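Q: Please take a close look at one strand of this model and its surroundings. Keep the sentences short and give the cut-offs for the terms.

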Amino acid sequence: MARFSLSRTTRVEAGPVRVHALVDDFREWQKWSPWEGLDPALHREYSGPDHGVGATYRWSGNKKAGEGRMEVTGSTPTSVVVDLEFLKPFRATNVTTFALTPLGDATEVTWTMTGERNAAMSLLGRLFFDKAVGRDFEKGLASLKAEAERR
């Protein structure tokens, strides 16, 4: 198995508290996630606390949205860690981390996904997956920035 790591970073003109609130609560993801809108009839299920460690989100949708589960496994004022399990269209387990670095009145946000891939997926990942997910991360960070800066 080969380890991988994929990151994107942006600067948000809002404090870490505001950005953290948008990332730490899965209900808030509807405002900025790059995958919102892939399936207008997406089924969402939330469990556990509203935010922070233990908050869980399950989704199930069309072929584009797929099916999976996320759970916040770490939450501090400067980071949110999410265990991510995809069930469809393919099975994968990854960890996503949002690192929030205060920069005066702004926040640098780095979104990172890490995990392991078998040899075949490692090659396909480098050729296709990393570019597609990188674009999704850039789109999501742009939406997160816009949402955080609106308030």
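A: The strand E7 comes first here, then its partners, some single residues and the whole chain.

This is a predicted model, in which local features need pLDDT of at least 70, side-chain atom pairs count only at pLDDT 80 or more, and totals for chains, interfaces and linings use all residues. Residues are numbered from 1 along each chain as its sequence is written, and side-chain values use heavy atoms, with hydrogens and water left out.

Helices (H or I, at least four residues) and strands (E, at least two) are DSSP runs, numbered from the N terminus. Strand E7 covers residues 106–117. Buried means under 20% relative accessible area, exposed over 50%, and partly exposed in between, with a 1.4 Å probe and protein chains only. Of the 12 residues of E7, 9 are buried, so the strand is largely enclosed by the rest of the structure.

Next, the pairing. Two strands pair if DSSP finds at least two bridges between them. Strand E1 (residues 2–12) runs antiparallel to E7, and 11 bridges join them. Arg8 has Trp111 of E7 as its bridge partner. Strand E6 (residues 92–103) also pairs with E7 in the antiparallel sense, over 10 bridges. Here Thr96 has Met113 of E7 as its bridge partner. E6 and E7 form a hairpin with 2 residues between the strands. Gly104 takes a positive phi in this hairpin, near 65°.

Val109 gives a close view of E7, the strand in which it lies. Its relative accessible area is 0%, so Val109 is buried. Contact means heavy atoms within 4.5 Å. Leaving aside neighbours within four places in sequence, Val109 is in contact with Arg8, Thr9, Thr10 and Val12, among others. Its contacts also include Phe98, Ala99 and Leu100. Val19, Leu141 and Leu144 are in contact with Val109 too. The C-alpha atoms of Val109 and Val19 are separated by 8.4 Å, although their positions lie 90 residues apart along the chain as a sequence separation. Val19 falls within the range of helix H1 (16–24).

Thr10 shows the E1 side, as a residue of strand E1. Thr10 counts as buried because its relative accessibility is 19%. With residues up to four places away in sequence not counted, Thr10 touches Thr107, Glu108 and Val109. Leu141 and Lys145 are also touched by Thr10. Leu141 is thus in the contact lists of both Val109 and Thr10.

Helix H2 spans residues 119–150. Ser143 lies in H2. Ser143 has a relative accessible area of 26%, so it is partly exposed. The C-alpha atoms of Ser143 and Arg58 are 21 Å apart, with a sequence separation of 85 residues.

Now the loops. The one between H1 (16–24) and strand E2 (43–47) holds Glu28. Glu28 touches Ala21 and Leu22, not counting residues up to four places away in sequence. Its C-alpha atom is separated by 9.9 Å from that of Leu144, 116 residues apart along the chain. Gln30 is placed in the loop between H1 and E2. Gln30 counts as partly exposed because its relative accessibility is 40%. Its contacts are Glu36, Arg44 and Tyr46, leaving aside neighbours within four places in sequence. The C-alpha atoms of Gln30 and Thr73, 43 residues apart along the chain, are separated by 20 Å.

Another loop, between strand E5 (79–88) and E6, contains Pro89. The peptide bond that joins Lys88 and Pro89 is cis, with omega about 5°.

Finally, the chain as a whole. It has 2 helices and 7 strands. From the N terminus on, the order is β-α-β-β-β-β-β-β-α. Of its 151 residues, 40% count as buried. Of the contacts with a separation of 6 or more, 49% come from residues 24 or more positions apart. The radius of gyration is taken over C-alpha atoms, and the globule rule is 2.2 Å times the number of residues to the power 0.38. The chain has 15 Å, which agrees with the value near 15 Å for a compact globule of 151 residues. Along the principal axes, the C-alpha atoms fill a box of roughly 45 × 30 × 25 Å.
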